[in-house]
Amino acid sequence: MIAPSTNALYTDLSGYYDLMCADINYESQSDCVRRLHRLFGNQGKRHLDLACGTGPHIRHFIDTGFQSNGLDLNQPMLDQAKLRCPEAEFSLQNMCNFVVDQPYDLITCFLYSIHYSGNVENLRACIESAHAALVDGGVFCFNAVAKNLINNGSFVRHIVNHEGSEFAFKSGWFYGGEGDRQALKLSIEKTTDKVTEEWHDEHPMVAVTFEELTALLEPYFDVTVFEHDYEKLEMWNQNSGNAIFVCVKR
Ligand SMILES: C[S@@+](CC[C@H](N)C(=O)[O-])C[C@H]1O[C@@H](n2cnc3c(N)ncnc32)[C@H](O)[C@@H]1O
């Protein structure tokens, strides 16, 4: 058994990233967050997407009138983002310690990527960096998963056919039950002419309860938590393990 790598999906395998995300409705996520920004924000149009990956959200934000830029830790992801969004500027930085030239009205971080901060200390630093990079009243919006509600047996699997190969993508959270670390386990199986290649990634992520996360945010932001449903906005019901956080800079 080959040991899992920590980030092949964002480096050597980055060409497969968009295939893996083929089922994600980026338009509806972007629409929802623009609606949240209209409700909570300052109506400004300067937007930064943290951990932007290949830039699918940035495309939607630009197409609806935002001046959007992106930030990511991995250059192969930014190379694809630049092709998708030539108008945007992309910055190779760690979201746990980033700086901007001019403050933003809206900062987003989609697809649970805030958990890539890795541990609570770095998560706090990420929150501080986002706070410093916003104008007064600016909005920081992201989604998150609660460590105490992770089901280690649950995973998402889907199949995509592409250029003569079948790809099976699988992903799931794993939390060992203690401390501030959890993992995102990912695998890709590519079958071409009955020959299957397999890759396994295990990404170290920060683990928090929503109470812990809110406590980290509250010194900097007014925090509202919504159910993880991009189609209809409902306040978090205190029970579900996925949520959208809307944070307005104090
Ligand atoms: C799950 S992907 C999400 C990409 C994109 N937001 C989307 O919704 O498709 C996570 C992204 O986080 C980036 N990433 C991981 N650690 C990071 C860090 N510390 N700072 C900035 N980006 C990071 C990866 O390179 C990858 O592009």
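This tour proceeds from the whole chain to its two sheets, the helices beside one of them, and a pocket.

**The whole chain**

Please begin with the entire protein chain displayed as a cartoon, bearing in mind that the model is predicted. The secondary structure of the chain comes to six helices and 11 strands. Its radius of gyration is 18 Å, close to the 18 Å that the globule rule gives for 250 residues, so the chain is as compact as a globular protein of that length. Along the principal axes, the C-alpha atoms fill a box of roughly 55 × 45 × 35 Å.

**The seven-stranded sheet**

Next, select strands E1, E2, E3, E4, E5, E10 and E11. These seven strands form an open sheet with mixed pairing, and their order across the sheet is E3-E2-E1-E4-E5-E11-E10. At its edges stand E3 (90–92) and E10 (221–227), each of which pairs on one side only. Neighbouring strands of this sheet are turned by 20° against each other on average, with direction ignored.

Within this sheet, select residues 46–50, which are strand E1, and residues 104–109, which are strand E4. The two strands run parallel and are joined by three bridges. For one position along the strands, display aspartate 49, which stands opposite threonine 108 in E4.

**Two helices on the sheet**

Keep the sheet visible and add residues 56–63, which form helix H3. This helix lies across E1, E2 (67–72), E3 and E4, and runs at about 170° to E2. Then add helix H6, residues 210–217, which packs on the sheet and touches E5 (134–145), E10 and E11 (242–249). The direction of H6 makes about 10° with that of E11.

**The second largest pocket**

Which residues lie closest to the centre of the second largest pocket? Select Asn69, Glu89, Val100, Asp101 and Tyr104; these are the closest among the 14 residues that line the pocket. The space in this pocket is about 230 Å³. E1, E2 and E3 are the elements that give two or more residues to its lining, and E2 gives the most, with three residues. Colouring the lining by class would show six nonpolar, five polar and three charged residues.

**The four-stranded sheet**

Finally, hide the previous selections and display strands E6, E7, E8 and E9. They form an open sheet in the order E6-E7-E8-E9, and the pairing is antiparallel. The edge strands here are E6 (156–162) and E9 (195–206), each pairing on one side only. On average, neighbouring strands of this sheet are turned by 15° against each other, direction ignored.

How many bridges join E8 to E9? Select residues 181–192 for E8, together with E9: the two strands run antiparallel, and 12 bridges join them. The last stop is leucine 184, which stands opposite histidine 203 in E9.

Definitions and conventions: Residues are numbered from 1 along each chain as its sequence is written. This is a predicted model: local features need pLDDT of at least 70, side-chain atom pairs count only at pLDDT 80 or more; totals for chains, interfaces and linings use all residues. Side-chain values use heavy atoms; hydrogens and water are left out. Two strands pair if DSSP finds at least two bridges between them. Axes are lines fitted to C-alpha atoms, for helices over the stretch in contact, and angles run from 0 to 180 degrees between N-to-C directions. Contact means heavy atoms within 4.5 Å. On a 1 Å grid over the protein atoms alone, a cavity is a set of points where a 1.4 Å probe fits but cannot get out, and a pocket is an open set with protein on both sides within 12 Å along at least five of seven lines; lining residues have an atom within 4 Å of a point. Grid points are joined across faces, edges and corners, and a volume is the space filled by probe spheres set on the points. Ala, Val, Leu, Ile, Met, Phe, Trp, Tyr, Cys and Pro count as nonpolar, Asp, Glu, Lys and Arg as charged, and the others, Gly among them, as polar. The radius of gyration is taken over C-alpha atoms; the globule rule is 2.2 Å times the number of residues to the power 0.38.
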